[in-house]
Amino acid sequence: MASKSSAPSARNRTLIVVESPSKAKTINKYLGDNYTVYASIGHIKDLPKKEIGIDFDHHYEPRYEVIAGKEKVVRQLKKLAGEADQIMIATDPDREGEAIAWHISNEIEFAKKPVFRVLFNEITKNAIIEAIDHPRQIDHHLVRSQQTRQGLDKIVGYKISPFLWNVVYRGLSAGRVQSVALRLICERETEIDAFKTQEYWTIYGDFVTPGKETFRTKLIKVKGEKPEITAGEQAEAIASAIQGRLFAISDIVPKVMQRKQPLPFTTSLLQQAASNQLGFGSQKTMRVAQQLYEGVDLGSEGATGLITYMRTDSTRISGEAVGHARDYISRQFGPEYIGPGSHGKAGKNSQDAHEAIRPTSVDRTPDSLRKHLSADQFKLYELIWKRFLASMMAPAKIEQTRVDVEDHEKEFVFRATGNRTLFPGFFRVYDDQQELDYEAQKSTRDEVEKEQIVKLPERMALKDQLSMAELDRRQSFTRPAARYSEASLVKELDNYGIGRPSTYAAIFSTLQERRYVELQKKKIIPTELGRDVSTILVANFPDLFNVKFTAEMEDELDKVASGDDEYEKVLDSFYRPLESVLSDRKNDPVIPQNNEAAPCDKCGKGRMIIKWTTSGKFLGCSCYPECKNIKSIATTKAKPKETGIRCPSCGEGRMLLRNGRLGPFLSCSSYPKCNTLLNLSKQRHIEPIKPPPIKTDMACPKCGSPLYLRSGKRGPWLGCSTFPKCRGRQSWNAVEKEVREHWEKVIKDHLEAHPVLTITMLDGTPAPMALPIEDIITRAEESGLISAQSEQEAEVTA
C-alpha cells in the first residue's frame, strides 16, 4: 500500500498531492508502495488578507503569500518533493484546483523534479489508475482564469467597500457577484411591496354521469369568453344562471404525451433539488457531496468515492457509465425501460468538460449503503442515484384526456383534465412531479403548485347527460411574485449566467453573514441594511452591479480559460472605468434615500439627511459639525415572537424571538427577573449555552492582561480577557506540564459546576436544535404549543 506513516517519506516514490486528508485516505488504498499521498488541506497560498495584493503598475500581477498556519504544510511538501522521483498534483478538477496545483508547483520548483497534473473526476480504482497513466501539464490558461476572477473580486472588495464605509458606516463590504444577487433580492422585495392584491373568483362544478361516477370540472367559458369574475356578487349571478340547466358531455379529447426523462444533476440542479426535496441549504449540500466524492468507509471495501466530482455545469455522461446504467435498468426493470442514455455535452459555461454528477457505480444502491452513511449522506446519495438512473431510463407515456361539459343552451362550458399513465418509464425511480415542474419552469416569479389530479369517470361518452351534484364558488386573491428561496436564487443566477458551480453555495451564505438578508420560513428576505446598501450601490455604480454586465464578465473569464482572452486585458477593461467612476463619486456620492430630505429646522442651511450607525439610522443635519441637530427615525419593529421554547435557566419564562442591533436572538419573557439569552447562528440555529470562561493568573502575550481559559471542540484554549480589544492567544501545548495539569483539573470542576443546559419546548420535549428558529416556531404553531402570529403584527417605536 501507499505510505501511511505519521512522518511520511517519498524517497524513491511518486508523490501525489491532493487537497483533503479524506481524499488522500481513499486514494491510498488503491496505490502500491511506489506512491506517497499527501494532503495540502486546501490552498497553501493566497492574496494578502489585509491589502489588495495586485500591482496595478505592472500588468496587474498578483502577489501571493503563504497562508498563515500553512507554513508547516509547505515545509513538508518541500521535504517530500525533494525526496520524490516525480510529483503528481491531483487537486480538484476545476479552475480553483488548477490554481492550487500551480501554487504547489511553484513552491516545490527548487527540487527540479518532474511535476505533472492529474485529474480525478471520481475517486475509484479505475479512475485513479487511468488518471495516473495519462498525466498532463498544469493548464496556465485555467490558472489565469482563476486569477482573473480573484483579481476582479479583490478590486471590487477593496475599492467599493471603503466607499460604503464613507457613505454608510465602516465594516460594510461589497462583492462583485454577491451584490448583484442582493440587487435581485431587493428588487423582488420592492416589487412585492408595491403589489396591489386583486380579488377573483373561480367556479367549479361537480357532475354525475349516468353510471353514478362523480368528477370535478372548472368553468372556462361564459358565452364563448373566458370568465373574469372579480366580485362575489358577480360569481353569485353566474351561479344563479347556471342552476337548473341541463348539461351533457360536449367533447372528449384524448392525447398521448411523453414526459421526458430529467437531466442528470449539475451543481445548480443538485443544490435546487436538495433544497426543495431535502431542505438542505446550498453549503450543506456541497459539504455532504464533497464527503461522498472524497470517499466513505464501506467496511471491508474501505474508503470509497461514491459520486463523481460535484462542481460541474455539464450534463455529459461517460460511455462506460451509460453502459453500466443500461445493464442495471435491463436487469431490474426490463429492456423496455432503457432510455436513449446520452444527454450530450457540457454546458455553455462548463468548466473543463466534466461529467454530470452521478454515482460512481450504479450497482451501489442507496439501501445497500445505508448502514455506512450518515442520515444526510444517505439522503443526498439516494437523490443523486435516483436522478442518474432516471436520466438513463425511457420517457413516461401519459394519456391526457380533456373533457368538456356544456349546457343545453351552449352558454356555459366546464372542463376537466385527467391523466392516465400508460407506461411509467423513469417514474419507477423518480416521480417527484413538483420538482420536475419546478425545473421545467424558467421563471422564479411564481410558486410551483401541484396541479390537482382529476380522476375522470371510467365510463363516459359524447352527449352523455350529466346531473350537477354541486356548484362551488371559490374566492381567491392574486399574489405577488414569490420571494426567492435558496433554490430559486440559484436557479435565477444560473438562468442569467451569473456565478459558477464553485460559487453558488457561497453567494447566499456571504449575504447572510453580512446581515444583508435573512432566511425566514425558507424564504430570503432583505434586511433594512441590505436594501439600503443595494440602493446606494446601484445608484452609484449602475453599470457594475448589473445582471448583464456580471454575466458578460463570466463569459470573459471563460475566454481567459480557453486562451481567447488575456488576464491583463480583462482586468484593465474592468478597473479603469471603475476607477474613473470612483473618483467622481468619492466626494459626491448619490444617496437616493436623501433625495427628498427636509431643511434643517435648527440652522436653516443644511438638510436633515439619513445617517447610519451599526445600531440603526437617524436624521442628522448635513452641515455637521457646524450644526449638530439630530432626530430619531420612527421604525417598524416586529413584536417579540413566541417560539414555544421554555427558558432553560428559570424554567418559568418562555423564550421570545427578538431583533437586536447585532441581529436576532432569544430572550426570556421573565426579563428583568431572568436575563437568559440564546444566540442564533448565521443559519438561524439556536446556539447551545456555553459555560463562562475561567480567569487565570497567566498573562496575555500581547497586552499582559489575564488570560481566560475555555473548553473548545479541540480541548482547552487560552484567549485574552479583553477580547475584542486584544486578540491575544496562548498555545495550550506551550504551557508547562504541571501548570496544564492544574488548570485541567480546574476546568473539569468548572464544567461539572456548569452543566450544559437542556433546551426544551413548553411540552417538555427536546427542542429540535438542528432546525432554524422559524421552522421550530412553525412546528410549535402546528402542534398547538403557541398560536400563529400574523406577519403584520408590528409596533411603531421612535
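Where in the chain is the place of S40? In this predicted model, S40 sits in the loop between β2 and β3. We will come back to that loop shortly, after a look at the whole molecule.

The protein is built from 20 helices and 32 strands. Measured out along its principal axes, the C-alpha trace spans about 95 × 80 × 60 Å. Of its 798 residues, 48% count as buried. If you look at contacts with a separation of 6 or more, 69% of them come from residues 24 or more positions apart. On the outside, the protein exposes about 40500 Å², and carbon and sulfur atoms supply 49% of that area. As for charge, there are 116 positive and 108 negative side chains, with the centres of the two sets lying 4 Å apart.

Now back to the loop between β2 and β3, the home of S40. Is S40 buried or exposed? S40 counts as buried, because its relative accessibility is 0%. Setting aside neighbours within four places in sequence, S40 is in contact with V17, V18, E19, K70, V73, I100 and I104. The loop runs between β2 (35-39) and β3 (45-46), and I41 lies in it too. I41 has a positive phi of about 55 degrees although it is not a glycine.

A similar backbone feature appears at Y60, in the loop between β4 (54-55) and β5 (61-62). Y60 is not a glycine either, yet its phi is positive, at about 60 degrees. With a relative accessibility of 3%, Y60 counts as buried.

Let us move along the chain to β9 and β10. These two strands run antiparallel and are joined by five bridges. To find one of the pairings, start at D206, whose bridge partner in β10 is R216. The two strands form a hairpin with five residues between them, and K212 takes a positive phi near 70 degrees there. T209 belongs to this region as well: its place is in the loop between β9 (199-208) and β10 (214-222). Is T209 buried or exposed? T209 is buried, because its relative accessible area is 3%, and the cut-off for buried is under 20%. Not counting residues up to four places away in sequence, T209 touches F215, P457 and L466.

From β10 you can step across to another strand. β10 pairs with β15 (residues 412-423) in the antiparallel sense, over four bridges. Here L219 stands opposite F414 in β15.

Next, look at a helix, α13, which covers residues 433-440. Which of its residues are buried? They are E435, L436 and Y438. These residues lie on the same side of α13, because they cover an arc of only 160 degrees around the axis. There is a general pattern to keep in mind: an α-helix has 3.6 residues a turn, so residues three or four places apart point the same way. What do the buried residues of α13 pack against? Their packing partners are β11 (247-259), α8 (267-278) and α14 (486-496).

Further along, three strands can be followed one after another. β24 (residues 641-646) and β25 (residues 654-660) run antiparallel, with four bridges joining them. One marker for this pairing is K641, whose bridge partner in β25 is L657. β25 also pairs with β26 (residues 663-668), in the antiparallel sense and over six bridges. In that pairing, L656 stands opposite S667 in β26. By following β25 from one partner to the other, you can trace its bridges to β24 and to β26.

Finally, turn to two prolines. The peptide bond from Y624 to P625 is cis, with omega near 10 degrees. P625 lies in the loop between β21 (616-621) and β22 (630-632). Another cis peptide bond joins Y671 and P672, where omega is about 10 degrees. This second proline, P672, has its place in the loop between β26 and β27 (677-679), so β26, met above as a partner of β25, is a handy landmark for finding it.

How values were computed
Residues numbered from 1 in each chain as written. Heavy atoms only, no water. Buried < 20%, exposed > 50% of the residue type's maximum accessible area, 1.4 Å probe, protein only. Contact = heavy atoms within 4.5 Å. Areas by Shrake-Rupley, 256 points an atom, 1.4 Å probe, with all protein chains shown as cover. Lys, Arg positive; Asp, Glu negative; His and termini not counted. Charge placed at Lys NZ, Arg CZ, Asp CG, Glu CD. Pairing = 2+ DSSP bridges. Arc of directions from axis to C-beta.
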